Amino acid sequence: MELTDHHLSPSEPASERPTVTAPPRPLSLTVTRHGQSTANAAFAAAEAAGALDTGITCRDADLSLTALGRAQATALGRWLASRADGPLPHSVWVSPYLRAQETAELVLTELDRAGLPLPDVRTDERLRDRELGILEMVTKAAIELHHPAEAARRRRLGELRWRPPGGESLADVALRLRSLLRDLYETEASRRVLLVAHDAVVVMLRHILDDLDEEGYLALEREGAVGNASITRWSRTSSGQLKLDCYNSMSHLDPG
């Protein structure tokens with residue numbers, strides 16, 4: 001079956017068809033995952049021990065940084081402050097979750113300590129982490145044991161489309177990020193923007209901005225997890241599009 005655009009007449013000259021002008025993109029768009037959180041450390045310990053419970057009782061939104069996470073965020077801020085070419089962000093958009101807020105605060109502290117101009121700061125709910133509903137703070141081993149049908153559905157649908165009860169699929173995360181990008185393009189044209197968010201946000205921005213299909217997403221997942229306080233950045237090209245400069249870079253955290 002041939003698909004037809006019913007808004008345009010096939011005989012209508014191209015010169016008379018309406019054109020859509022995309023808003024100017026930011027000069028650069030950088031996204032970082034928050035520093036290590038208490039949940040990151042607890043889940044790693046639980047998986048290493050084969051435990052079913054992490055011991056975490058607070059909401060996902062209320063998780064704070066560990067001492068390592070604070071050190072990572074501070075290192076990120078020092079790196080931004082010390083870059084010789086001075087590409088400081090004009091704006092910082094931050095997830096409302098505590099671990100992201102703490103990361104942003106530590107980055108700004110380092111910029112302020114260096115005597116550099118501080119960027120505008122904005123908290124946006126659409127940058128929050130993926131919501132997992134009834135499976136929030138539940139280990140993979142516990143899901144397999146206590147929710148075997150859901151675990152099977154997860155494997156069948158794949159991570160991009162699996163939506164846990166009361167939660168979001170990664171495709172749902174991408175949908176709210178598309179909305180965020182529309183607003184960001186309108187308000188941050190020709191500016192440098194830093195997003196402080198979560199691993200799901202980083203991966204879904206790759207999915208959107210680099211036009212990755214499901215296989216492309218799966219290939220990205222096979223590269224490994226998004227690191228805490230890592231840098232992923234796109235820069236505007238001469239044609240006005242955002243092109244990936246680096247993904248999941250953590251060289252700024254290397255003490256050597």
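What share of the contacts in the chain with a separation of 6 or more comes from residues 24 or more positions apart?

## Contacts across the chain

The share is 76%, counted over contacts in the chain with a separation of 6 or more. The model behind this value is predicted.

## Burial and surface

The chain has 256 residues, and 44% of them count as buried. Its accessible surface is about 13500 Å². Carbon and sulfur atoms hold 51% of that surface.

## Secondary structure

Eight helices and six strands make up the list of elements in the chain. Their order along the sequence is β-α-α-β-α-β-α-α-α-β-α-α-β-β. The pattern opens with a strand and closes with two strands in succession. A run of three helices comes between the third and fourth strands, while one helix separates the second strand from the third.

## The sheet

Six strands form an open sheet with mixed pairing, in the order 3-2-4-1-5-6. Its edges are strand 3, residues 120-123, and strand 6, residues 242-249. Each of these two strands pairs on one side only. From one strand to the next, the twist averages 15°.

In general, strands of a sheet pair through backbone hydrogen bonds, in either a parallel or an antiparallel sense.

## Strands 2 and 3

At one end of the sheet order, strand 3 is followed by strand 2. Strand 2 covers residues 91-94. The pairing of strand 2 with strand 3 is parallel and runs over four bridges. Within this pair, Val92 has Val121 of strand 3 as its bridge partner.

Note on methods
Residues are numbered from 1 along each chain as its sequence is written. This is a predicted model: local features need pLDDT of at least 70, side-chain atom pairs count only at pLDDT 80 or more; totals for chains, interfaces and linings use all residues. Side-chain values use heavy atoms; hydrogens and water are left out. Buried means under 20% relative accessible area, exposed over 50%, partly exposed in between (1.4 Å probe, protein chains only). Contact means heavy atoms within 4.5 Å. Accessible areas come from the Shrake-Rupley method with a 1.4 Å probe; for residues, only the protein chains shown count as cover. Two strands pair if DSSP finds at least two bridges between them. Axes are lines fitted to C-alpha atoms, for helices over the stretch in contact, and angles run from 0 to 180 degrees between N-to-C directions.
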